[in-house]
Amino acid sequence: MRAAKKLKAQTVSGYSNDSNPFGDSNLNEKFVWRKKIDRDVSQGVPLDTFSVKAEKKRQKERMAEIEKVKKRREERALEKAQHEEEMALLARERARAEFDDWEKKEEEFHFDQSKVRSEIRLREGRTKPIDILSKHLNGSDDMDIELNEPYMVFKGLTVKEMEELRDDIKMHLDLDRATPTHIVYWEALMVVCDWELAEARKKDALDRARVRGEEPPAELLAEERGLHSTIEADVKNLLEGKTHRELEALQSQIESQMRTGTAKVVEYWEAVLKRLHIFKAKACLKEIHAKMLRKHLQRLEQPSEGEDRLESDNGLRPVEEASDHDEKVDAETYSPELIIQEETHEVEEEAGSFSPELLHGDENEEAIDPEEDRAILERKRIAVLEEQQRRMQEALKSKPAPSEDNFELKAMKAMGAMEEGDAVFGSGAEVNLDSQVYWWHDKYRPRKPKYFNRVHTGYEWNKYNQTHYDHDNPPPKIVQGYKFNIFYPDLVDKTKAPVYTIEKDGNSSETCIIRFHAGPPYEDIAFRIVNKEWEYSHKKGFKCTFERGILHVYFNFKRYRYR
């Protein structure tokens, strides 16, 4: 009891009798376990065990154990946090790997779908350039083999078509890596495509400048080709006939000369090296194409050899059986060689045509020569066509050219009288298009078509406008429709009607561009209109016709009724 009184403290672990979460008013007093002490003393435990010094020692041991427990708990919490962080990192890595796998599978799926679409286009006869290139590499018995080299597909393509083809080649280069031949094939095609695209862009820029009557761009003039026009053909002939291995040897020879300084005209050889990698790619494509042709030829020859072997086996067996039978019946029989010769002669006779021969029963009969009859028929057809063209030209000469006023009167008659909210449209809303070079610019002088357009505006009496406006104070007018009349009196090909397309107006979602396109000699013309959904019903005013040289495009926007 004395030891307990001496060890009594004001606070225990920061708690006092008045303030502690346990509701204990005797928290500071030490507990004395009388019965246990009596038992221990009766059993011979020394009294020093219950002294103040011994109690302080036990208290220190307890506090040290508590500190160890606290430390272990903190270490466990830290280990748990580290473990959770490692598990989260592993989960992220697993999710990233799964995402990469999904992305790869998605790319492979799109690639497989592109091959299926390519086969469908090839079967239906609406091939694209990438279909022809794929057919060069993956020839099948179902499709006819291409005889031209793969790089010939770039001839006649526009800049836009070449850019699309480059994207397709890039996709095949990234995904079609089944064999080294496929990789080399698509890499060579990418080199040739980049060169052809650069040349097409350069030619397009020069054509634009020539049509506009301007000087060519400065970067084109400043570009150093390294070859004079008289020498360029010789260099082309030098590089064109060589194989891929010969071109590589030539390249290493030129590079060694340039390194050692023995090359006299460095600019010339640099320009030759620029063209050399193009011809190397073309030679590589030519070799791959020749290899694919040989494989296709072998596939075609194998079944035919099997059929010939079958026919020869079936043809010789009856002869031998017949010869054995004849030897038994008669000793003087024909030799097998003679029998084979006779049978082959009969086969040759049977292989001919079964059409009856021409018998000339009467010497005075008139026989018609088929070649002469065909020539007479062709002359008659040409005469009929010339007569039709002459009549059309006479009709065009006799018909007076329609005036613009006459066209405007026809357009006004087609549109009807001006209503409230109608206004003339087009002068301020016409969009300046980028100048385009057409194939017919050298033959016809390009011109913009005339037009007579009208815009219809009105009020929209929805719930909001009915609440906040009335007829004395009306709401703002909105565009409700357009009427376009584009005049094409001098179209060269009157059988093809002009067309219109809707294009985006940059980043604006409020407006869009309507573009009208016709054949020569008219350039495209475009207007900026409101971007809303059209009403395509004829009862609601829609009209799209081309008659008497006027393209009529009338439409109103849909009106949404809110309840």
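**Entry 1: Asp131**

I began at Asp131, which contacts Ser118, Arg121, Leu122 and Arg126 once neighbours within four places in sequence are set aside. Contact here means heavy atoms within 4.5 Å. I then placed Asp131 in helix 4. Helices are DSSP runs of H or I with at least four residues, strands are E runs of at least two, and both are numbered from the N terminus. Is Asp131 buried or exposed? Asp131 is buried, at a relative accessible area of 1%. I used these classes: buried is under 20% relative accessible area, exposed is over 50%, and partly exposed lies in between, with a 1.4 Å probe and protein chains only. I also checked Lys115 against Asp131: the pair is 16 residues apart in sequence, and the C-alpha atoms are 8.3 Å apart.

**Entry 2: what I am looking at**

This is a predicted model, in which local features need pLDDT of at least 70, side-chain atom pairs count only at pLDDT 80 or more, and totals for chains, interfaces and linings use all residues. Residues are numbered from 1 along each chain as its sequence is written, and side-chain values use heavy atoms, with hydrogens and water left out.

I looked up confidence next. pLDDT is the predictor's confidence in each residue, from 0 to 100. The protein chain has a mean pLDDT of 76, and 75% of its residues reach 70 or more. Which element has the lowest mean pLDDT? Helix 11 (residues 336-350) does, at 44, while strand 11 (residues 550-557) has the highest, at 91. Residues 315-323 have pLDDT below 50, and this stretch has six contacts in the model beyond near neighbours in sequence. Residues 326-350 also stay under 50, with nine contacts beyond four places in sequence.

I counted elements too: the protein chain has 14 helices and 11 strands. Of its 563 residues, 23% are buried. Among contacts between residues at least 6 apart in sequence, 64% join residues at least 24 apart.

**Entry 3: helix 4 and the cores**

Back to helix 4. Seven of its nine residues are buried, so I note the helix as mostly covered. The buried residues are Ile130, Asp131, Leu133, Ser134, Lys135, His136 and Leu137.

Leu133 led me to the largest nonpolar core, where it is listed with Phe154, Leu165, Ile169, Tyr185, Trp186 and Leu189 as having the most contacts inside the core. This core has 25 residues. A nonpolar core is a set of buried Ala, Val, Leu, Ile, Met, Phe, Trp, Tyr and Cys residues joined through side-chain atoms within 4.5 Å. Helix 4 (129-137), helix 5 (159-175), helix 6 (180-212) and helix 10 (266-329) each give two or more residues to this core. Helix 6 supplies the largest share, nine residues. I followed Tyr185: not counting residues up to four places away, it touches Leu133, His136, Leu137, Pro150, Leu285 and Ile288. There is a second, separate core of 21 residues, including Phe484, Ile486, Ile514 and Tyr522. In soluble globular proteins, nonpolar side chains tend to be buried together.

**Entry 4: the second largest pocket**

I looked up the second largest pocket, which holds about 710 Å³ of space. On a 1 Å grid over the protein atoms alone, a pocket is an open set of points where a 1.4 Å probe fits, with protein on both sides within 12 Å along at least five of seven lines; lining residues have an atom within 4 Å of a point. Grid points are joined across faces, edges and corners, and the volume is the space filled by probe spheres set on them.

Of its 21 lining residues, Phe31, Val32, Ile37, Phe50 and Glu55 are the closest to the centre. Helix 1 (2-6), helix 2 (34-42) and helix 3 (52-124) each supply at least two lining residues. Helix 2 gives the largest share, six residues.

**Entry 5: backbone checks**

Most residues other than glycine have a negative phi, and most peptide bonds are trans. I found a cis peptide bond between Pro520 and Pro521, with omega about 10°. Pro521 sits in the loop between strand 7 (508-517) and strand 8 (525-530). Gly519 lies in the loop between strand 7 and strand 8, and is partly exposed at 28% relative accessible area. Its C-alpha is 8.6 Å from that of Ala497, 22 residues away in sequence.

Arg548 is not a glycine, yet has a positive phi of about 55°. Arg548 lies in the loop between strand 10 (543-547) and strand 11. Arg548 is exposed, with a relative accessible area of 70%.
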